[in-house]
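Open the structure in your viewer and keep the selection tool at hand. This tour says what to select next and what is there.

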Amino acid sequence: METVVSILIGLVVIGAVVAAFLAGMSYRRKTAEARIGSAEDEAMRIVNDAIKTAEQKRKETVIEAKDEALRMKSEADKEIKERRSELSRQERRLDQKEESLDKKVSAFEKKEEEQKARAELVEAHLAELEQMKLRQMERLETIAGLTQEDAKQLLLTRLDQDLTHEKAMRVAAYESNLKDQCDVIAKELIGQAIARCAADHSSEATVSVVPLPNDEMKGRIIGREGRNIRALETATGVDLIIDDTPEAITLSSFDQARREVARMTLERLIADGRIHPARIEETVEKCRRELEVSMKREGERAVMEVGVHGIHPDIVKLLGRLKFRTSFGQNVLNHSLEVAYLSGLLAAEMGVNVNQAKRAGLLHDIGKALDHEIEGSHVQIGVEVARKYKENPAIIHAIEAHHGDVEPKSALAFIVMAADAISAARPGARRENLESYIKRLENLEEISSSFEGVEYAFAVQAGREVRVMVKPDAIDDDHLILLARSITKKIEEELDYPGQIKVNVIRESRATEYAK
């Protein structure tokens with residue numbers, strides 16, 4: 001019984017729980033449906049509000065667009081009106097200008113017609129005057145019994161006879177007076193100039209002698225298998241003569257600058273004691289640079305001694321180079337100084353500008369400083385140099401005329417020509433056979449240097465040998481023999497020389513590294 005009661009109670013409880021669950025579910029469903037209905041109403045309200053707001057905005061936008069369109073139309077109408085007004089003003093101005101031009105054209109045409117009428121009137125007057133002149137000339141010819149051409153010819157003939165006679169008388173008197181005085185004056189002037197210029201320079205040789213401290217030094221200069229002497233001769237282009245003369249070495253070269261470099265190099269090597277090919281080349285380059293400085297100083301000294309100023313620095317350097325240039329054995333710088341002094345003395349006696357005469361005398365042989373490097377005679381080169389550095393035309397003419405290449409046209413040119421002849425003709429100044437000897441050596445070096453790939457060419461052994469240094473990257477060993485043959489054939493074709501000339505073509509490649 002109790003079990004049944006318990007079961008009934010359990011069933012009742014279960015039924016209550018089920019009923020409560022069903023009642024909760026029903027309540028929740030109704031609550032949810034109420035909320036959904038409320039949300040749908042709210043959504044409809046929001047949508048309706050949005051539609052009303054959008055419609056209001058649309059109406060406002062349409063109204064604003066219509067206002068903007070009206071405003072733009074008003075501005076466009078205003079602008080069109082202004083442009084039409086401006087076009088009207090321009091049309092009025094153009095009409096006014098056209099009327100003005102029409103008036104000017106009419107006035108011009110009227111003036112042109114007046115000028116034509118005047119021209120015709122003038123021509124008529126001129127024709128009438130010409131007719132009157134012809135009638136007058138006919139009357140004069142009738143009265144004189146001569147035509148116009150006959151009268152003119154008669155007058156010119158008489159005038160020519162009178163002038164010819166007077167000219168002949170004046171020329172005869174002038175020549176007579178000139179013959180009586182010119183020889184005396186010229187001799188007197190030249191004698192005074194020579195007497196006042198005491199020159200003691202003598203002709204120079206083509207060799208230099210370098211003293212040695214002892215005969216052992218000769219062996220050190222020659223070096224092992226002659227490498228030192230070969231390096232020295234190659235670097236300087238000078239021939240070293242080592243003979244039985246005790247404690248002396250002779251340097252032979254026609255080029256004084258090369259010989260001076262070789263002398264300076266040899267003296268320094270002897271004093272230093274370190275003699276080897278690398279040291280020789282280093283010393284040669286240093287001596288060449290020092291010689292350039294010495295040349296400049298010699299040029300400055302010459303300018304100061306003569307007393308001329310305002311000479312371009314490049315011309316001063318060229319003057320210094322003349323210190324190491326000879327002509328017929330005469331030092332060209334000393335010769336130029338002599339010519340400058342003599343020109344100044346002659347100019348002072350003749351009343352010519354002394355400073356110009358000294359300047360022209362000093363520069364008359366300036367072309368010889370470059371005649372090894374530029375084609376042409378030293379006169380042509382000197383004229384080009386003087387023109388390049390804006391020298392006075394009178395000085396340029398004196399340089400051009402001092403050897404008679406052009407006819408002298410000024411007293412200055414005659415003075416420089418006379419001074420040059422005096423300096424060259426004095427006893428002991430020159431050796432007559434030296435110029436041709438130097439020219440032959442110069443031509444020999446020029447021919448050898450004319451081939452492509454040649455770097456240096458030195459004429460040695462008094463022109464019996466030429467040493468040609470080639471660029472190793474331009475000439476290989478196969479072409480070395482062909483180059484030597486080509487140089488030999490060209491020398492045979494273009495030069496006249498006694499005996500034979502040995503052509504040595506040298507190609508040397510080096511690799512240099514430094515150990516650190």
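The stops below run from the whole chain to a helix, a helix pair and two loop residues.

This is a predicted model, in which local features need pLDDT of at least 70 and side-chain atom pairs count only at pLDDT 80 or more, while totals for chains, interfaces and linings use all residues. Residues are numbered from 1 along each chain as its sequence is written, and side-chain values use heavy atoms, with hydrogens and water left out.

**The whole chain**

Begin with the chain displayed as a cartoon, where you can look for 14 helices and eight strands; helices (H or I, at least four residues) and strands (E, at least two) are DSSP runs, numbered from the N terminus. Of its 516 residues, 31% count as buried, where buried means under 20% relative accessible area, exposed over 50%, and partly exposed in between (1.4 Å probe, protein chains only). If you switch to a surface view, the chain exposes about 34600 Å², of which carbon and sulfur atoms supply 55%, by the Shrake-Rupley method with a 1.4 Å probe.

**Helix α7**

Next select residues 313-321, which form helix α7, and colour its buried residues, Ile315, Val316, Leu318, Leu319 and Gly320. What covers these buried residues? The cover includes α6 (277-306), α8 (332-350), α9 (354-363) and α10 (378-388).

**Helices α9 and α11**

Keep α9 selected and add α11 (residues 393-401): their axes, which are lines fitted to C-alpha atoms over the stretch in contact, with angles running from 0 to 180 degrees between N-to-C directions, come within 9 Å and cross at roughly 45 degrees. Because of this angle α9 is oblique to α11, given that angles under 35 degrees count as roughly parallel, over 145 as roughly antiparallel, 65 to 115 as roughly perpendicular and the rest as oblique. Show the side chains of Gln356, Arg359, Ala360 and Leu363 on α9, and of Ala394, Ile395, Ala398 and Ile399 on α11, since these residues make the contact, a word that here means heavy atoms within 4.5 Å.

**Two loop residues**

Most residues other than glycine have a negative phi. Now select glutamate 225, in the loop between α3 (216-222) and α4 (227-236), where phi is near 55 degrees, a positive value. At 72% relative accessibility, glutamate 225 counts as exposed.

Finally, select lysine 390 in the loop between α10 and α11. Is lysine 390 buried or exposed? Lysine 390 is exposed, with a relative accessible area of 72%, and its phi, near 60 degrees, is positive.
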